[in-house]
Structures are given as C-alpha cells and as structure tokens.
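Student: Hello! I am new to this structure and would like to go through it step by step. Could we look at it together?

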Amino acid sequence: MTETLVKTITPRPVTPLGILVEELETTLKIAKQENISSQLAASLQKVYELAAGIDPYLDEHTTNESPELAALAQKTAAEDWSQRFSDGETVRQLEQEMLSGHIEGQTLKMFVSMTKAKRILEIGMFTGYSALAMAEALPADGNIIACEVDDYVAEFAKKCFQISPHGSKITVKIAPALETLKELAAAGETFDLVFIDADKKEYVDYFNILLESSLLAEEGFICVDNTLLQGQPYLSPEKRTANGEAIANFNRFVAEDARVEQVILPLRDGLTIIKRK
C-alpha cells in the first residue's frame, strides 16, 4: 500500500496573542543567555505560560468542529497558496492564516443559533470555513450568500461544500464585494446576520451600504473580523500597515457612529459585534 503524505505549512502567528507568545518565547531565550535574577526569570516564565496556554485551552474546551470543517481546514493548510498566486491562479496573495478556524467558526455558529438567523450574508469567503460553520447552524430552509472575488478559492470552497449535508445552503457570488452588495440592495434583499471579512480598506463602505439599504434586517447583527488586526489598531500609527490603518479608521468610524452600538471581542484577530440602536 502506498502512503500519501500531505504537506502542510505551519501557520505563522497573526493574532495579537499569537504574536505576543512568539515575542515572549524570544524574550525567554534571550533571558536564559543573560545574567538575570531568578525572580525576573520566574516572572517571565509565568507571563509566558499564561499567554501560551490560552489558545490551546480554548481549543480543547470548545465543541469540536465537524468532520467536514476539519477536512476543509486540512485542505486549506495543504494548499501552496504562494504558488497559486505565482501561477496567476489567484487574483491576490492568499495564505492559510486567512481561515477563520475552530474557535471563531464555533463562535459564529453559536451566534447563528442565538439570533435564530435564517438569512446570512458573508462578505469575503476565502475557502469557506466560516460560511460552512454558519450553515451548520441554519435551519433546513436557511441560506447564506457568500461574496468572493477570487474564482480559484470560490471553486475550492464549493468542492468542500459538496461533501457537507449543509453545503447546499450556501450560494457563492463571484465578484468584487461592493458590486454584489449594490446588486443585492437594488433587489431588496435582507439579511439577519452579516459577516464581514474582506478587503479591509472597504470595511467602512460595506458598513455604510448595510445600514443605508435594506440589506441589514431591522433587528439584524453585523459581525466584523480582524478588528484587532495583529494588534496594529492600538499600536502607534507608524507601526501600522495599510490594512492596520484601515482597521483603525473603521473601528473609530463605528465607535463614533450614532446609528449603532458595538463591542469588540478579543477573539482570535478581533471580532466586532454591531447592532442598530
């Protein structure tokens, strides 16, 4: 029997906590080479253990992902995204770290159950992990419209959806998200829950379209991903990338908008929950 080996690339830390743990690991290595006091060494070790233990503990004590979600995550991790971009198969550079993952997927799934949502709009799909997680919580007559600009990942996601009994609840719209939103608004579509995880520089535009059209139901909720992007929004401006600055601007815009109230959860890379006042 020939054994097939699946090559996966270890994801780099991209969340504030993940980056913090990596920095603490480096600090501990430096500390061991320096002549520091035993008291300082013990304190550093305690800080490291507190930070490094959070994500594994959450993972262990959160409901397991379905086999279909696990297979989708594994397939995403095994894909050579850099090569796909170099070959011109994707329109932008993608990476496995864009996947929502177990904890955020289960959180979104829980939100769907709590809100009794039946119609969901996802702005930015990637390989479909969050869409499928939410679809698993929808009733049989519920549905998701997922916006994705990249043909390659759209087809990638569709193939993953086909192995799930919930995949048929998801309709993928392949086009720039703003175009799809305008078309849906013009058609009078309405959604109970909207998940935003697309072009960070367009977050404010997505937000305004949702509030200024029929797209967001009167009692609907908006969930926004990456609102603590690698910690950049709360670091000094010179330490931000263009995306970090866009997220900082979005967070400020929402906080100052009298139409809504919101809370930022320090979940993974930041998840904001927004509702109308």
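Student: Is Tyr234 buried or exposed?
Tutor: Happy to help, and do keep in mind that this is a predicted model. Tyr234 sits in the loop between S5 and H11. Its relative accessible area is 55%. Exposed means over 50%, so Tyr234 is exposed.

Student: Which residues does Tyr234 touch, leaving aside its neighbours within four places in sequence?
Tutor: Contact here means heavy atoms within 4.5 Å. With the neighbours within four places in sequence left aside, the partners of Tyr234 are Pro16 and Leu228.

Student: How many Å separate Tyr234 and Ala51 in space, C-alpha to C-alpha?
Tutor: Along the sequence, Tyr234 and Ala51 are 183 residues apart. In space, going from C-alpha to C-alpha, the separation of Tyr234 and Ala51 is 19 Å.

Student: Gln230 is found in the loop between S5 and H11 too. What is its phi, and is Gln230 buried, partly exposed or exposed?
Tutor: Gln230 is a residue other than glycine with a positive phi, near 55°. Its relative accessibility is 28%. Partly exposed covers the range between 20% and 50%, so Gln230 counts as partly exposed.

Student: And Phe126, is it buried or exposed?
Tutor: Phe126 lies in the loop between strand S1 (119-123) and H7. Phi of Phe126 is positive as well, near 55°. The relative accessibility of Phe126 is 7%. Buried means under 20%, so Phe126 counts as buried.

Student: Which residues line the largest cavity?
Tutor: The count comes to one cavity of 30 Å³ or more, and the largest cavity holds about 50 Å³ of space. By class, its lining divides into five nonpolar, five polar and two charged residues. The lining residues are Met98, Leu99, Ser100, Glu122, Gly124, Met125, Phe126, Thr127, Gly128, Tyr129, Ser130 and Asp197.

Student: Now the pockets, please. Which element gives the most residues to the lining of the largest pocket?
Tutor: About 1,100 Å³ of space lies in the largest pocket. Of its 37 lining residues, those closest to the centre are Pro11, Thr15, Asp55, Ser100 and Arg268. Helices H1 (16-33), H2 (38-52), H3 (54-60), H4 (67-78) and H6 (101-115) each give two or more residues to this lining. With six residues, the one that gives the most is H1.

Student: How many residues of each class are in the lining of the largest pocket?
Tutor: Each lining residue is put in one of three classes: nonpolar, polar or charged. For the largest pocket the result is 20 nonpolar, eight polar and nine charged.

Student: Which elements give two or more residues to the lining of the second largest pocket?
Tutor: The second largest pocket has about 870 Å³ of space. Its lining has 33 residues, and Arg92, Met98, Ala198, Lys200 and Asn243 are nearest the centre. By class, this lining has 13 nonpolar, seven polar and 13 charged residues. The elements giving two or more residues are strand S2 (143-148) and helix H9 (177-186).

Student: Is Thr180 buried or exposed?
Tutor: Thr180 is found in helix H9. Leaving aside neighbours within four places in sequence, Thr180 is in contact with Cys147, Lys173 and Ala175. Its relative accessible area is 4%, and buried means under 20%, so Thr180 is buried.

Student: What about Glu104, is it buried or exposed?
Tutor: Glu104 has its place in helix H6. Not counting residues up to four places away in sequence, Glu104 touches Phe195, Asp225, Leu267, Arg268 and Leu271. The relative accessible area of Glu104 is 1%, so Glu104 is buried.

Student: Are H4 and H7 roughly parallel or roughly antiparallel to each other?
Tutor: Glu68, Leu69, Leu72 and Ala73 in H4 meet Tyr129, Leu132, Ala133 and Glu136 in H7. By class, this contact has six nonpolar, no polar and two charged residues. The two helices pack at an angle of about 180°, with their axes 10 Å apart. Angles over 145 degrees count as roughly antiparallel, so H4 and H7 are roughly antiparallel.

Definitions and conventions. Residues are numbered from 1 along each chain as its sequence is written. This is a predicted model: local features need pLDDT of at least 70, side-chain atom pairs count only at pLDDT 80 or more; totals for chains, interfaces and linings use all residues. Side-chain values use heavy atoms; hydrogens and water are left out. On a 1 Å grid over the protein atoms alone, a cavity is a set of points where a 1.4 Å probe fits but cannot get out, and a pocket is an open set with protein on both sides within 12 Å along at least five of seven lines; lining residues have an atom within 4 Å of a point. Grid points are joined across faces, edges and corners, and a volume is the space filled by probe spheres set on the points. Helices (H or I, at least four residues) and strands (E, at least two) are DSSP runs, numbered from the N terminus. Ala, Val, Leu, Ile, Met, Phe, Trp, Tyr, Cys and Pro count as nonpolar, Asp, Glu, Lys and Arg as charged, and the others, Gly among them, as polar. Axes are lines fitted to C-alpha atoms, for helices over the stretch in contact, and angles run from 0 to 180 degrees between N-to-C directions. Angles under 35 degrees count as roughly parallel, over 145 as roughly antiparallel, 65 to 115 as roughly perpendicular and the rest as oblique. Buried means under 20% relative accessible area, exposed over 50%, partly exposed in between (1.4 Å probe, protein chains only).
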